[in-house]
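This briefing goes through one protein model, topic by topic. Please keep the sequence and the coordinates at hand while reading.

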Amino acid sequence: AVVSTQSTGDGKDKEREKLGNNVGMGFAMNGEYLTKEKVLTPTPPVTPPPSRTGGSSGQTGSSVSPPLSPPNATPILTSTGQPFFGVPLEELVDREGGLPMAFLKMIQCLEDVGVGEEGILRISGSTLEIQAMKVALQHGEDVDFYSHDPHAVAGLLKVFFRELPQPLVGEPHHHACLQLMAVPPDSMTDEQRVIELKQNILDHLPWGCHEVLRVLLGFLVKVVLGCERNKMNLQNLITCLVPSLRCVPGLMLYAVQYYDYCFQESWSEPAD
């Protein structure tokens, strides 16, 4: 279906109000927050990576905290000896009763020690180091990511996404996103585009895809806000990650710029 470009009444007005009430209207590729009136740089929002106990990494909490388990899930112990790479995300979620632990640990490590690394997610880590971690995870072994080069951990994260049988944003959502991003700027404002992105695409993703995307992009927000140190602005991140994520670049652009709005509410089962 062609994505709507026009307001349809009270529902859209409420979304605009919700979007406008966020901390700023979003932020630019250099990490500075944008408002309708001016550019400012507030205290960066912090979205701690989730843990299996629901705790944080010791940093200030955020209103955006991804749930760890799908609705009505029964958590189970992670099985050993079962592959991690090349497995459908839904299967990984079912197996662990929530987001894959190895993925969460990679994000936790990168948030703790990778955000300040120059060229994080751009500079390639050691191929041998990446392969060694991959083999260990494929055999169900625990990996201490903190003992490895952050660039290698970032490289392993990209391998995980690249080897998923289906991308996080699969069909029909990928096609809907292509349509949305193809609407000319003179026919749709950024405000309208991000509302459509959230309501018609992000909110309709399967639980696992939505939550993995939320955790990943929350990490990317921190990378962009630290771009003076790591030299990785949003455009750099899009260039480096789109080939692995296999998503429309515009999705990353708007979902990161307007992260608080896109992911401020918990996922719920989309209506048929």
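Among the elements of the protein, which has the lowest mean pLDDT and which the highest? Strand S3, residues 39-40, has the lowest mean pLDDT, at 26, whereas H5 has the highest, at 98. The model is a predicted one, and over the protein the mean pLDDT is 78, with 67% of the residues reaching 70 or more.

**Confidence along the chain**

- Over residues 1-8 the pLDDT is below 50, although this stretch has 20 contacts in the model beyond near neighbours in sequence.
- Residues 21-25 are another stretch where pLDDT stays under 50, and for these residues the model has 16 contacts beyond four places in sequence.

**Overall make-up**

- The secondary structure of the protein comes to 12 helices and three strands, and of its 272 residues, 50% are buried.
- Of the contacts in the protein with a separation of 6 or more, 71% are accounted for by residues that are 24 or more positions apart.
- The structure holds zero disulfides.
- Two cysteines can be placed by their accessibility: Cys240 has a relative accessible area of 18% and is therefore buried, the cut-off being under 20%, while Cys262, with a relative accessible area of 1%, is buried as well.

**The contact of H3 with H5**

- Two packed helices are described by the angle between their axes and the distance between the axes.
- For helix H3 (residues 101-114) and helix H5 (residues 150-162), the axes come within 10 Å and cross at roughly 145°, and the crossing in which H3 passes H5 is left-handed.
- On the H3 side the contact is made by Phe103, Met106, Ile107, Cys109, Leu110, Val113 and Gly114, and on the H5 side by Pro150, Val153, Ala154, Leu156, Leu157, Phe160 and Phe161.
- When the residues of this contact of H3 with H5 are divided by type, 13 are nonpolar, one is polar and none is charged.

**From H5 to H6 and Ala176**

- The loop between H5 and H6 holds Pro172, and the peptide bond that leads from Glu171 to Pro172 is cis, with omega near 5°.
- Ala176 is found in helix H6, which covers residues 173-182, and with a relative accessible area of 15% Ala176 is buried.
- Ala176 and Ile201 are 25 residues apart along the chain, and their C-alpha atoms are separated by 7.2 Å.

**Glu211 in H8**

- Is Glu211 buried or exposed? The relative accessibility of Glu211 is 0%, so this residue counts as buried, and its place is in helix H8, residues 207-225.
- Glu211 and Leu99 are 112 residues apart in sequence, yet from C-alpha to C-alpha they are 7.7 Å apart in space.

**The loop between H9 and H10**

- Lys231 lies in the loop between helix H9 (227-230) and helix H10 (234-245), and although Lys231 is not a glycine, it has a positive phi of about 60°.
- With a relative accessible area of 45%, Lys231 is partly exposed, whereas Met232, which is placed in the loop between H9 and H10, has a relative accessible area of 0% and is buried.
- Not counting residues up to four places away in sequence, Met232 touches Gly119, Ile120, Arg122, Val223, Val224, Cys227, Leu237 and Cys240.
- Cys240, one of the residues that Met232 touches, is the buried cysteine with a relative accessible area of 18%.
- Met232 and Glu118 are 114 residues apart in sequence, while the distance between them, C-alpha to C-alpha, is 7.4 Å.

**The loop between H10 and H11**

- Arg246 has its place in the loop between H10 and helix H11 (249-257), and like Lys231, Arg246 is a residue with a positive phi, here of about 55°, although it is not a glycine.
- Is Arg246 buried, exposed or partly exposed? Buried would require under 20% relative accessible area and exposed over 50%, so Arg246, at 29% relative accessibility, counts as partly exposed.

Terms used. Residues are numbered from 1 along each chain as its sequence is written. This is a predicted model: local features need pLDDT of at least 70, side-chain atom pairs count only at pLDDT 80 or more; totals for chains, interfaces and linings use all residues. Side-chain values use heavy atoms; hydrogens and water are left out. Axes are lines fitted to C-alpha atoms, for helices over the stretch in contact, and angles run from 0 to 180 degrees between N-to-C directions. Helices (H or I, at least four residues) and strands (E, at least two) are DSSP runs, numbered from the N terminus. A crossing is left-handed if the near helix is turned anticlockwise from the far one by less than a right angle, and right-handed if clockwise. Contact means heavy atoms within 4.5 Å. Ala, Val, Leu, Ile, Met, Phe, Trp, Tyr, Cys and Pro count as nonpolar, Asp, Glu, Lys and Arg as charged, and the others, Gly among them, as polar. pLDDT is the predictor's confidence in each residue, from 0 to 100. A disulfide is a pair of cysteine sulfur atoms within 2.5 Å. Buried means under 20% relative accessible area, exposed over 50%, partly exposed in between (1.4 Å probe, protein chains only).
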